[in-house]
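Let's walk through a protein model together, one question at a time. Have a look at the sequence and the fold before reading on.

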Amino acid sequence: NPFMATLESATRAGQRMEKITTDILSLERIENLQIDQGVSISLRTLVHDTFYEFESQAGNKAQKYTLEIAGEDELKVRGDGAQLREAIANLMSNAIKYNRTNGSVIVSGNYTATDQTITIQDTGLGIPEDSIPHLFEKFYRVREHEGKASGTGLGLSISKQIIQGHN
């Protein structure tokens with residue numbers, strides 16, 4: 001039915017525009033970030049909870065999705081938990097979206113009393129060397145991956161702003 005196909009196409013276009021608008025507003029809010037220094041956040045809990053939010057997305061692509069936690073202690077950080085969750089979620093989402101079917105994503109956290117490291121690794125498509133300097137630019141998308149996954153090209157820029165805003 002041509003009418004239904006046109007309606008579905010218009011709906012998808014509307015959803016893309018909504019995502020772009022949401023990302024632009026999020027980036028604007030983050031660029032003017034005021035961190036509440038009084039809020040203590042457990043990165044271990046934040047990473048753990050965010051990891052499980054993406055489990056079904058990885059499963060849909062038959063990807064091996066693993067969480068590895070090391071370290072007994074934990075240094076709490078001060079900041080905005082919702083924004084830190086957004087930064088981590090953007091990275092996890094990209095690792096899954098730009099990965100191969102049957103690939104793997106490993107999210108690891110090493111937590112000590114003095115240092116915390118969060119790593120997200122994947123067996124994805126790779127990034128051409130000439131694209132690496134541009135990854136955090138607003139609206140930048142790796143040309144070779146344009147048809148592989150949808151996105152606005154703002155996720156990494158948003159994540160960078162959040163992380164820098166939290167020092």
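The questions below start with the overall fold and then move to strands, rings and charged side chains.

Q: How many helices and strands does the chain have, and in what order do the elements run?
A: Do keep in mind that this is a predicted model. The chain has five helices and five strands. Read from the N terminus, the elements run α-β-α-α-β-β-α-β-β-α.

Q: What share of the chain's contacts with a separation of 6 or more comes from residues 24 or more positions apart?
A: Contact here means heavy atoms within 4.5 Å. Among contacts with a separation of 6 or more, residues 24 or more positions apart account for 74%.

Q: What percentage of the residues count as buried?
A: A residue is buried when its relative accessible area is under 20%. The chain has 167 residues, and the share that meets this is 34%.

Q: Why is strand E4 described as largely enclosed by the rest of the structure?
A: Strand E4 covers residues 104–111. It is largely enclosed because, of its eight residues, the number buried is six.

Q: Which strands pair with E4, and in which direction does each run, parallel or antiparallel?
A: Seven bridges join E2 to E4, and these two run parallel. Seven bridges also join E4 to strand E5 (residues 116–122), and a hairpin of four residues connects E4 to E5. The partners are therefore E2, parallel, and E5, antiparallel.

Q: Which residue of E5 stands opposite Ser108?
A: E4 and E5 are joined by bridges along an antiparallel pairing. In that pairing, Ser108 has as its opposite number in E5 Thr119.

Q: Why is the pair of Phe51 and Tyr52 edge-to-face?
A: The structure holds two aromatic pairs. In the pair of Phe51 and Tyr52, the ring centres are 4.9 Å apart. Planes over 60 degrees apart count as edge-to-face, and the pair qualifies because its planes stand at 90°.

Q: Phe51 and Tyr52: which is buried and which is partly exposed?
A: Buried means a relative accessible area under 20%, and partly exposed lies between that and 50%. Phe51 has 2% and is therefore buried. Tyr52, at 41%, is partly exposed.

Q: What is the angle between the planes of Phe51 and Tyr65?
A: These two rings form an aromatic pair with 4.1 Å from centre to centre. Planes under 30 degrees apart count as stacked. Phe51 and Tyr65 are stacked, with an angle of 5°.

Q: How many residues apart are Phe51 and Tyr65, and in which elements do they lie?
A: Phe51 belongs to helix H2 (residues 43–53) and Tyr65 to strand E2 (residues 64–70). Tyr65 is buried, at 13% relative accessible area, and stands opposite Val105 in E4. The ring pair links distant parts of the chain, H2 and E2, with a separation of 14 residues.

Q: Which residues do the ring pairs link into a cluster?
A: Phe51 pairs with Tyr52, and Phe51 also pairs with Tyr65. The resulting cluster consists of Phe51, Tyr52 and Tyr65.

Q: How far apart in sequence are the parts tied together by Glu53 and Arg85?
A: The structure holds one salt bridge, in which the side chains of Glu53 and Arg85 meet at 2.3 Å, N to O. Glu53 is partly exposed at 44%, and Arg85 is partly exposed at 27%. Glu53 lies in helix H2 and Arg85 in helix H4 (residues 81–97), so the separation of the parts tied together is 32 residues.

Note on methods
Residues numbered from 1 in each chain as written. Predicted model: local features only at pLDDT ≥ 70, side-chain atom pairs only at ≥ 80, totals over all residues. Heavy atoms only, no water. Phe/Tyr/Trp six-rings, centres within 6.5 Å; stacked < 30°, edge-to-face > 60°. Buried < 20%, exposed > 50% of the residue type's maximum accessible area, 1.4 Å probe, protein only. Salt bridge = Lys/Arg side-chain N within 4 Å of Asp/Glu carboxyl O. Pairing = 2+ DSSP bridges.
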